[in-house]
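Please examine the protein chain shown below, first as a whole and then part by part. The paragraphs after it serve as a guided reading.

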Amino acid sequence: MKKLLIAAASVAALSGGIVLAQTQTEEQSDSRTSEEEAAQNPPDPRIIAEELRAKAKRIPRRNLAAALRAARDDRDDRARTIVARPNLDALRADLRRTEAEDSEREAAETRSLSDQSFTAAPRQTTPPPPPPGIRAMSAGRLRTAEAAEVERARIPVLLPAELRDRMKIYGMENIYTATARIDARAQLSISGTCNRVVGGAPETIAFRKRIAEGPRRLAGTGASYQISRNDFGVDLSFSKFGCGYVMTIECGDPGADPRCAADDYITGLAQSMILANPELAGGE
């Protein structure tokens, strides 16, 4: 197959050279003919002026600078979407790492219980927070998720571990959305996709560049993230495995509720995630 591809590329390159040479020869011949005709029939200046005005109308004046930059850089100034696939090797590596951490932690807890076998263990009133990182747990083991919705998504479906049994999931091939009611005063949603938007206005490109140059990192997952706020709550955007995710918390009183007013709660949720479709990475 590789040899066939190389051969095809060579034939294409050779054919392109032949076509280019033929085109140049024809253009030279046509050029001489056109020069002779032009000398006998000079163009009408009014027609030339009208053609230039028609071309000028195709470029909006307010976007003229951007259009010139795009032409100079040999690129399209319009934003476009590229459909990408997740980095499954990186996903498997993360799962192996957290599995090793869990095994080491369980062994340490077993040794600690053995050492304390003759003393009463203290009662724990609240469950410990989920350990940071990404761990596999299929949708069939979650209380409110529908496995059929998760199966539609061919990208890593990540959910906050703390709210995993409250999530309702809606999946498509390259995107998913999950929602959960935190309590009477707050709710959460998370969406993910591997589609990427490239190009666009210079201001948009500059904004994406600033984010890429100085990202903050989530503990446990190591994902780069950004936080922004609006009238309803707070958004946390992060990238992982070549995909982009946005987690949103909406609060009844965003200015007073610490889950929306501060960063700690939403970053804490993003640091401990469940992979609801581990079969994507060859698990469960």
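The text that follows moves from the whole chain to its sheet, then to a turn, a pocket and a loop residue.

The structure is a predicted model. The secondary structure of the protein chain consists of 8 helices and 12 strands. The chain has 284 residues, and 28% of them count as buried. Its accessible surface amounts to about 19000 Å², and carbon and sulfur atoms account for 55% of that area. Contacts can also be sorted by how far apart the partners stand in the sequence. Among the contacts in the protein chain with a separation of 6 or more, 58% are between residues 24 or more positions apart.

Consider next how the strands are arranged. An open sheet is formed by 7 strands, which follow the order S4-S5-S6-S11-S10-S9-S8 with antiparallel pairing. At its edges are strand S4, residues 168-171, and strand S8, residues 216-217, each of which pairs on one side only.

Several pairings within this sheet can be followed residue by residue. Strand S5, covering residues 175-183, pairs with S6 in the antiparallel sense over 8 bridges. Here Asp183 has Ala186 in S6 as its bridge partner. Strand S6, covering residues 186-193, is in turn paired with strand S11, residues 243-251, again in the antiparallel sense and over 8 bridges. In this pairing, Leu188 is matched with Ile249 of S11. Strand S10, residues 233-240, also pairs with S11 over 8 bridges in the antiparallel sense. There the bridge partner of Val234 is Ile249. Ile249 is thus a bridge partner of both Leu188 and Val234.

What do S10 and S11 form, and how many residues lie between them? The two strands form a hairpin with 2 residues between them. Phe241 lies in the loop between S10 and S11. Its backbone deserves attention: the phi angle of Phe241 is near 60 degrees, a positive value in a residue other than glycine. As a general rule, most residues other than glycine have a negative phi. Is Phe241 buried or exposed? The limit for a buried residue is a relative accessible area under 20%. Phe241 counts as buried because its relative accessibility is 6%.

The second largest pocket offers another view of the structure. It encloses about 550 Å³ of space. Its lining is made up of 20 residues, and those nearest its centre are Pro128, Pro129, Pro130, Pro131 and Arg164. Two or more lining residues come from each of helix H4 (88-115), strand S2 (133-136) and strand S12 (272-275). H4 gives the most to this lining, with 4 residues. Which classes of residue make up the lining of the second largest pocket? The lining has 9 nonpolar, 9 charged and 2 polar residues.

The last stop is a residue in a loop. Ser138 is placed in the loop between S2 and helix H5, which spans residues 147-152. Why does Ser138 count as buried? Ser138 is buried because its relative accessible area is 17%, and the cut-off for this class is under 20%. Apart from its neighbours within four places in sequence, Ser138 is in contact with Leu275, Ala276, Pro278 and Glu284.

Key. Residues are numbered from 1 along each chain as its sequence is written. This is a predicted model: local features need pLDDT of at least 70, side-chain atom pairs count only at pLDDT 80 or more; totals for chains, interfaces and linings use all residues. Side-chain values use heavy atoms; hydrogens and water are left out. Two strands pair if DSSP finds at least two bridges between them. On a 1 Å grid over the protein atoms alone, a cavity is a set of points where a 1.4 Å probe fits but cannot get out, and a pocket is an open set with protein on both sides within 12 Å along at least five of seven lines; lining residues have an atom within 4 Å of a point. Grid points are joined across faces, edges and corners, and a volume is the space filled by probe spheres set on the points. Ala, Val, Leu, Ile, Met, Phe, Trp, Tyr, Cys and Pro count as nonpolar, Asp, Glu, Lys and Arg as charged, and the others, Gly among them, as polar. Buried means under 20% relative accessible area, exposed over 50%, partly exposed in between (1.4 Å probe, protein chains only). Contact means heavy atoms within 4.5 Å. Accessible areas come from the Shrake-Rupley method with a 1.4 Å probe; for residues, only the protein chains shown count as cover.
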